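Dear colleague,

I am passing on the structure we talked about, and below it you will find what I was able to read from it. Please keep it open while you go through the notes.

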Amino acid sequence: MGIYDDGAAEANKTRAHWALSALEEFGRRTGQTGDFYFTGTLTMDEEAIREIAGDLLANLFHLARLNGMAPARIVESGAMHFFEEVEEEWQELEQDAIDAAADELTEDFRKRGLPELEQFLKNQEGK
């Protein structure tokens, strides 16, 4: 059975489960465990996601830097995959069924958030 057998939306849920598994393992190694972080579902408190995913992302940046790679390349690659995968999901939906708020959030991140993040990372490289 392939990841797309049940459609793009289910494929993206599978990807979210993979991410949750990575965060749970990371949390076990760093002591970030318990109900505050993980509920046994894909639902997590925003503060918990920011903390543990932010720590993991920072550590990925350290790994990239130690290998001579700019951390911004990770962000660019991840954002590119995310946008492509969400757009695959949206293409399967009827146009009027697309959640306008999610559309606006993604567009805002694409236009404003990602460039701001890239600029921040570029500024950090010189420090």
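In this predicted model, the residues L57, L60, F61 and A64 of α2 meet P71, I74 and V75 of α3. By class, that contact of α2 with α3 consists of seven nonpolar residues, with no polar and no charged ones. The axes of α2 and α3 come within 8 Å and cross at roughly 125 degrees, which means that α2 counts as oblique to α3. Two of the residues on the α3 side, P71 and V75, are also listed among the buried residues of α3.

To place this contact in the whole, the protein has four helices and zero strands, and its pattern along the sequence is α-α-α-α. Of its 127 residues, 24% count as buried, while the exposed area comes to about 8,900 Å², of which carbon and sulfur atoms supply 54%. If one takes the contacts with a separation of 6 or more, residues 24 or more positions apart account for 46% of them.

The helix α1, which covers residues 8–30, has 23 residues and reaches 33 Å from its first C-alpha to its last, close to the 33 Å expected at 1.5 Å a residue. Its buried residues are A8, A11, N12, R15, L20, L23, F26 and G27, and what covers them includes α2 (46–66) and α3 (71–91). Just after α1, G31 takes a positive phi of about 85 degrees.

The axes of α1 and α2 come within 10 Å and cross at roughly 85 degrees, and α1 is therefore roughly perpendicular to α2. On the α1 side the contact is made by L23, F26 and G27, and on the α2 side by I52, A53, D55, L56 and N59. These residues divide into five nonpolar, two polar and one charged. L23, F26 and G27 are, as noted, among the buried residues of α1.

For α1 and α3, the axes come within 8 Å and cross at roughly 145 degrees. Here the contact is made by A8, A9, N12 and R15 of α1, together with E85, V86, E88 and E89 of α3, and by class these residues divide into three nonpolar, one polar and four charged. Among the residues of this contact, A8, N12 and R15 are buried in α1, and E85 and V86 are buried in α3.

The helix α3 itself has 21 residues and reaches 31 Å from its first C-alpha to its last, close to the 30 Å expected at 1.5 Å a residue. Its buried residues are P71, A72, V75, A79, F83, E85, V86 and W90.

One further residue of α1 may be of use to you while you look at the model. Is T14, which lies in helix α1, buried, partly exposed or exposed? T14 counts as partly exposed because its relative accessibility is 27%, and the cut-offs for that class are 20% and 50%. T14 and I3 are 11 residues apart in sequence, and their C-alpha atoms are 7.6 Å apart in space.

With best regards

Note on methods
Residues are numbered from 1 along each chain as its sequence is written. This is a predicted model: local features need pLDDT of at least 70, side-chain atom pairs count only at pLDDT 80 or more; totals for chains, interfaces and linings use all residues. Side-chain values use heavy atoms; hydrogens and water are left out. Buried means under 20% relative accessible area, exposed over 50%, partly exposed in between (1.4 Å probe, protein chains only). Contact means heavy atoms within 4.5 Å. Accessible areas come from the Shrake-Rupley method with a 1.4 Å probe; for residues, only the protein chains shown count as cover. The expected span of a helix is 1.5 Å times one less than its number of residues. Axes are lines fitted to C-alpha atoms, for helices over the stretch in contact, and angles run from 0 to 180 degrees between N-to-C directions. Angles under 35 degrees count as roughly parallel, over 145 as roughly antiparallel, 65 to 115 as roughly perpendicular and the rest as oblique. Ala, Val, Leu, Ile, Met, Phe, Trp, Tyr, Cys and Pro count as nonpolar, Asp, Glu, Lys and Arg as charged, and the others, Gly among them, as polar.
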